[in-house]
Structures are given as C-alpha cells and as structure tokens.
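I opened the notebook to record, step by step, what I looked up in this structure.

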Amino acid sequence: MVCFSQMYPGKKKIMRNVIYSAGLLWAVLCTLALAADEPADYQIETITDKLVLPYGIVFLPGGDMLVTEKPGRLRVIRAGVLQPEPIAGIPEVFTGLEGENQQGGLLDIVLHPRFAENRWLYLSFSEGDDKANTTSVIRGRYRNGRLEDVSKIYTAIPDVPKAIGYGARMAFLPDETLLIAFGDRFLPREEAQNLGSSLGKVIRLTDDGGIPGDNPFVDNAEALPEIWTYGHRIIIGMLYDSVSNTVYAHENGPKGGDELNIIERGKNYGWPFAGYGLDYSGGYISPFTAYPGTEQPITYWTPSPAVAGMTLCRGCQWSEWEGDLLVGALAGKKAIRIRLRNGAVTEQHILFEELDERIRDVRFGPDGALYVLTDNVQGRVLKVVPKR
Amino acid sequence: MPFAEKITLPRVRRATISYLAAVIVAYVAASIFQSLCVLIVLEQAGAEIPAGDWLRTLLHDLYGFTFLGYAPLGPAILAGFIIAMPAAAMLHRFLGLPRGFLYPLAGATAMATILYIVKLNFYGVTIFPGTRGWSGYGLQLLAGAFGGAVFAGLSKQRP
C-alpha cells in the first residue's frame, strides 16, 4: 500500500505545518473563549422556585425580601421561605400577553430611602386594557403584611394599544426624588423624542408625586415638567451609585444595540435618531449610530443579550468586584459583570451561562450576596455567594 | 386545447420569468416604500438626514429586509406570489375578470397577508414601522400591486 507521503513526498512537511497551525489556532480560540467567561468562583442556592415571572426584589430591614410577580402579586420571602399569601392592597394590573411572553403587570419595586422610618414603598405596574393601557406608579405604606395608604403618584401618557415595552424601572436619588423610566412602548418610537409624552423618558418626581422645581424642562411650555431625560427605548435596569454620584441605566435595543448609559439631567439619549441596532425587520431604524445633540452609550451590545436588571458591588462578598456593575440578560441567558474605571467600561465578564435561564434582575443584598431573579413562569430567586 | 398541451416550455419559461420579475418589482417597491416611510417619520420628529444617508438607507434595507430581519421579506413575497399569481390566473379563467385588475389585486392581497402573518407572530405588532398608519400600509399593498401588474404584463400570451 502506498501512503500519502510516498505519493507526495514534498507534501508531508506541508501537512505537518497545516496540522500544527490548526492546533495553534484552536488553542488561541479556546483561550479567547475562556477569557470572556468568568471562572465559577461562586456557588448558587435556590431560595425559591415557586414564583411566576418575578420582576423586582427589595430587601427590608429585618431580613425579609419582597418580590414582584408580573401577574400582579407582591410576595414575601422570610427566612429563606416564600410565604404562601401575597401582600394585600396591590392594585389590579393589566398583563396583556400570556405566559412567558407577558411583558406587563406588576413590575418594579423600590423602597423609600427612609423606609425604616416611613414604610413607603413604590410599585410600577401596567394598567388598562388591550385597547388602551399605560404604566403607572403607586406608593403605599407596608405595614402588618399589607400595603396601606396606597396612592397613585404617576401615570404615563399617552395610552398605547399594545402590551409590550413598559420598562418601568425606578431609582431614588439622594435628595429623595424618584427617577422612573418609561419604555417607548414599541411604536410610535418617535415619542421618545416628543417632550410632550412620557414614553421613552426618565422622569423625576418628589417622593409624593410632585414635580421638583429644578427639573430641566419645568420652564418649557411644550414639555412635561417631570421629564429628566429623553430619547430612550426600553430601560429595564437603572440604579444610583452614591459613591460616584452617578445614575446608570441600560436599555434594550431592537435587533442589536442594547446600551449602557450614564443618565444626566436634561440629556437626549438619541432613540430613535441614533442607535447601534437594526430594526426587527432587518432595516435601519436610523442611518446614524451617533447624532448631534444626543449622548453616546458607555458601552453597547450587538447582538442584543436583552439586558435586564442591574446592581453595583459596593461592599459585596467579592472584594475583587468592588465598583463593578452586574446586569442580567433575558435572551442572552446570562449575567454580565462590567468593570468601570472613571466612567468607562474596561472589562466585561460573563456569568451564569450554565443556568441556561433568562435573568430578569440581579441585586446585591445587604449581606453582600448576589440575588438573581429568573424570568420564568416557574421563576426562581437564587442566592449567589463566593465559593468557599 | 387540453390542459396538458398548454404546458409547453415557452409557456413555463414565460411564467417563470414573469413570476420572478413580479417578485423583484414587488420586493424593491416594498423595501423602498418602507425605508422612505421610516426616514420621513424621523425627519418629522426632528432629525436632519442628508441625501446621502437617505440613499444609504434605501440600499441597506434592500439587503436587510431579506437577509437581516426576523421575518425575511424577500422569501415571504416569493412564497406569497407563488400562491397569489396562480390564484389570480384561476379567477381570470373561470370568472373572466380582466387580468389587469386581478393580478395587481392578487399582489396586494399577498402583501396584506404577509404583513398580517408577521404581525401575528410578533406580539400583535408590526415589525415593519413603515406600515403603521394607513398611508404606509397602503404603500406596501401598492408594492404588491406593482408586482402583480408586472406579472400580468409579462405573462400575457402573445398572439
């Protein structure tokens, strides 16, 4: 039998070089792939797997956790156990789509900065019906296992005949004013540039729903005085960092172009005049990735992981993560740890891909552990701590 | 003439060329109308878009609507017209209605059906923003009608 090297004596060296090169390339690719993933320096415990589409979580003094469920329930987790009865006093919500496609319902929850003293908590939710629905915010005092003194402090305008694109994340500033993000509700997306509309905006209110006198558009007769920033698509993660005095918010792009932004008073974040994604149709939303007078993100993601939820490590259980942001991802089924230096993103690392779960929210708890909400009709609250 | 004797190579070739031309015309028209609607609305909202960026958008979208979207428009029109044109031919044969009416109507109907099916699969909303509002939607139907008219003209049997 004649072997290859006998038939083609000069080719043996070439074959060897090809094999060595392929092996080297493979090694390089593997190294690059591993560098992007976080080593599994954590262990995960399931606190509960009995939630339906959890959206937001807060931690009460005394150790209880409150979790919103999109179908319209506010649940208590006490000593690591989900309490069977939801909290009473929650308004009726509009859920719209069914099952895992549901985007509306009971959405975000935040505590007043002086919750321990005044017991105020704030809930965002969708209300209305298929023909006309919107996003509203209520506040109520959480006492004796129920919500009391409930009042609506804001309703976004206009109503929309669709059940998608709510956003509705909230964050308090140190002056006890409240930022609320409203999604563009997926067409008409130009509403994000219309200062007479709440859609595609971050608004700022006093803690009782009033308009702060130092909002950027209070003297603009054609603008809603509550608007803080505009030109957003759908913000599903927003937080205030007291150390850097910075508001971070991320928003979903359509097909590509999820963004992370620093939110600053009065600024225009460009949607839909500029963006890094395409429309779901494959066409341009705009021919521009940057537009004069609009802000650029500090980072963006294409393809879209559908970022959702955000938290910041300040004294968390991973000392090496100090100052890093963590965001969850729905379509991407992972979390992303983002290292920031002087307001710029310097590194990103992937976590929790092994869960293969849509991640709706991530929050560091008072104990420094990371709590993760999975977006599932059998939703989970996971507690993540460093591997011992 | 028996039906089988009508299936000649020249007829098949003419029908195929007519069909492909109709699909291309409908797709190009639909793509251009969609892009124009998006750009017009952006300008109405306050964006200033130079002429070069208008052209760049039109050219990008011709590619993007078929190769980059979640509901590829080109293949959808291919599929829609492969049903719509023969359906129009049957109506012409059995009802005697004019070709110049039936084929454009069939093309428009194909476009309407495509847009409806896409909407059903995307939470009840259209992913083609150029079709929101009756004018944008009407332009998409017009694109389908253009394709149907091309098919009517090219497929007509010469004496």
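**Aromatic rings**

I began with the rings, and in this predicted model the count of aromatic pairs comes to 18 over all chains. I then looked up Phe217(A) and Tyr230(A), whose ring centres lie 5.8 Å apart with the planes at 75°, and I noted the pair as edge-to-face because planes over 60 degrees apart count that way. This pair links distant parts of the chain, since Phe217(A) sits in the loop between β12 (201-205) and β13 (227-230) of chain A, while Tyr230(A) belongs to strand β13 of chain A, 13 residues apart. I also checked their surroundings and found that both Phe217(A) and Tyr230(A) are buried.

Next I turned to Trp318(A) and Trp321(A), which form a stacked aromatic pair, with 4.4 Å from centre to centre and 10° between the planes. Are these two residues buried or exposed? Trp318(A) has a relative accessibility of 1% and so counts as buried, and Trp321(A), at 3%, counts as buried too.

I wrote down one cluster as well, in which ring pairs link Phe186(A) and Tyr280(A) with Tyr70(B) and Phe122(B).

**Where the chains touch**

I then asked how many residues each chain brings to the contact. Chain A gives 25 residues and chain B gives 29 residues. Together the two chains bury about 2300 Å², and 66% of this lies on carbon and sulfur atoms. Across the interface I found one salt bridge, in which the side chains of Glu190(A) and Arg132(B) meet at 2.9 Å, N to O. On the side of chain A that touches chain B, I listed 14 nonpolar, six polar and five charged residues.

**Backbone details**

I looked up the cis peptide bonds next, and one of them joins Trp271(A) and Pro272(A), with omega about -5°; Pro272(A) lies in the loop between β16 (258-263) and β17 (299-301) of chain A. Another cis bond runs from Thr302(A) to Pro303(A), with omega near 0°, and Pro303(A) is in the loop between β17 and β18 (307-312) of chain A.

Lastly I noted positive phi values in residues other than glycine, including Asp149(A), where phi is near 50°. Asp149(A) lies in strand β9 (residues 146-155) of chain A, and its relative accessibility of 45% means that I record it as partly exposed. For Asp356(A) phi is near 55°, and this residue lies in the loop between β21 (344-351) and β22 (359-364) of chain A. Asp356(A) has a relative accessible area of 52%, so I record it as exposed.

How values were computed:
Residues numbered from 1 in each chain as written. Chains lettered and ligands numbered in written order. Predicted model: local features only at pLDDT ≥ 70, side-chain atom pairs only at ≥ 80, totals over all residues. Heavy atoms only, no water. Contact = heavy atoms within 4.5 Å. Buried area = accessible area lost by both parts, 1.4 Å probe. Salt bridge = Lys/Arg side-chain N within 4 Å of Asp/Glu carboxyl O. Nonpolar A, V, L, I, M, F, W, Y, C, P; charged D, E, K, R; others polar. Phe/Tyr/Trp six-rings, centres within 6.5 Å; stacked < 30°, edge-to-face > 60°. Helix = DSSP H or I, 4+ residues; strand = E, 2+ residues; numbered from the N terminus. Buried < 20%, exposed > 50% of the residue type's maximum accessible area, 1.4 Å probe, protein only.
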